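Me: I should like to learn how to read the features of a protein model, one at a time. May we begin with the end of a helix?

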Amino acid sequence: MASQGRILTKTLMSSTPQAPGQQPLRYDCKVDQDTHAYYLMGHLTACNHAIFREVLSGIAASARCRTAVLDVENLEFIDSGGLGMLLLARDDLKKRRIALELRSPKGDVRKILQAARFDSLFHISGWQEESLS
């Protein structure tokens, strides 16, 4: 019998002042059995660390979660602070024996992940579909 996942949509603004033109980090969450999928939108930057911590807390709070998926298809921007947060998330989830997958990076986010060699640090699905021309 297949269980239905629950979906949570969350838009939070960080209390840290953001630079002009910078967007908040938003996410939708789908929990299905032992997998938590977070669909990230907006900007993943150091200014949005509180929101990203909330995502990680949601994953860590579940005793059943064995795989966490961060779908970054609709993420528009990531800076060095965002890359650092992904690395910290990977290390924290590894201690909890939760696999972390990045899914469907596109555009500039994909180029930044590739330049940072994140393909050697993370399982990234949907990585090869888009050419880097």
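Reply: In this predicted model, Asp 79 caps the N-terminal end of H2. A side-chain oxygen of Asp 79 lies 3.0 Å from the backbone nitrogen of Gly 81.

Me: Which residue follows H2, and what is the sign of its phi?

Reply: Arg 97 follows H2, and its phi is positive, near 60°.

Me: How does one judge whether the length of H2 agrees with its number of residues?

Reply: One compares the span expected at 1.5 Å a residue with the distance between the end C-alpha atoms. The 16 residues of H2 should span 22 Å, and its end C-alpha atoms are 23 Å apart, which agrees. The 12 residues of H1 can be treated likewise: the first and last C-alpha atoms are 16 Å apart, close to the 16 Å expected.

Me: How should I read the pattern of buried residues along a helix?

Reply: The general idea is that an α-helix has 3.6 residues a turn, so residues three or four places apart point the same way. In H2, the buried residues are Gly 82, Leu 83, Met 85, Leu 86, Ala 89 and Leu 93. Viewed down the axis of H2, they fall within an arc of 155°, so they line one face of the helix. Ser 80, Leu 88, Lys 94 and Lys 95, on the other side of H2, are exposed.

Me: Which elements cover the buried residues of H2?

Reply: The cover includes E3, H1, E4, E5 and H3.

Me: Which residues of H1 are buried, and where do they lie around its axis?

Reply: Ile 51, Phe 52, Val 55, Leu 56 and Ile 59 are the buried residues of H1. Their arc around the axis is only 145°, which puts them on the same side of H1. They pack against E2, E3, E4 and H2.

Me: How does one move from single helices to the nonpolar core?

Reply: One asks which core members touch the most other members. In the largest nonpolar core, which has 32 residues, these are Leu 40, Phe 52, Ile 59, Leu 70 and Leu 86. At least two residues of this core come from each of strands E2 (25–32), E3 (35–44), E4 (67–78) and E5 (99–103), and from each of helices H1 (49–60), H2 (80–95) and H3 (107–115). Ile 59 serves as an example: leaving aside neighbours within four places in sequence, Ile 59 is in contact with His 36, Tyr 38, Cys 65, Ala 68, Leu 93 and Ile 98.

Me: How is the overall arrangement of the chain to be summarised?

Reply: One lists the elements in order, then considers burial and the sequence separation of contacts. The protein chain has 3 helices and 6 strands, and from the N terminus the order is β-β-β-α-β-α-β-α-β. Of its 133 residues, 37% count as buried. Among contacts between residues at least 6 apart in sequence, 58% join residues at least 24 apart. For a pair distant in sequence, consider His 43 and Leu 75: they are 32 residues apart in sequence, yet their C-alpha atoms are 6.2 Å apart in space. His 43 belongs to strand E3 and is buried, with a relative accessible area of 10%.

Me: How should I read a polar side chain such as Asp 71: is it buried or exposed, and what does its side chain reach?

Reply: Asp 71, in strand E4, is buried, with a relative accessible area of 7%. Its side chain reaches the backbone nitrogen of Glu 73 at 3.0 Å. Beyond neighbours within four places in sequence, Asp 71 is in contact with Tyr 38, Tyr 39, Leu 40, Arg 103 and Ser 104.

Me: Where does Ser 104 lie, and what is its phi?

Reply: Ser 104 is in the loop between E5 and H3. Its phi is near 60°, a positive value in a residue other than glycine, and Ser 104 is buried at 14% relative accessible area. Arg 117 also has a positive phi, of about 60°, although it is not a glycine. Arg 117 is in the loop between H3 and strand E6 (123–125) and counts as exposed, at 51% relative accessibility.

Me: Finally, how many disulfides are there?

Reply: A disulfide is a covalent bond between the sulfur atoms of two cysteines. With a cut-off of 2.5 Å between the sulfur atoms, the count is 0. The sulfur of Cys 65 has its closest cysteine sulfur in Cys 29, 9.0 Å away, too far for a bond. Cys 65 counts as buried, at 0% relative accessibility, whereas Cys 47 counts as partly exposed, at 21%.

Notes:
Residues numbered from 1 in each chain as written. Predicted model: local features only at pLDDT ≥ 70, side-chain atom pairs only at ≥ 80, totals over all residues. Heavy atoms only, no water. Core = buried A, V, L, I, M, F, W, Y, C linked by side-chain atoms within 4.5 Å. Buried < 20%, exposed > 50% of the residue type's maximum accessible area, 1.4 Å probe, protein only. Helix = DSSP H or I, 4+ residues; strand = E, 2+ residues; numbered from the N terminus. Contact = heavy atoms within 4.5 Å. Expected span 1.5 Å × (residues − 1). Arc of directions from axis to C-beta. Polar contact = N/O pair within 3.5 Å; in protein donor to acceptor, adjacent residues only side chain to side chain.
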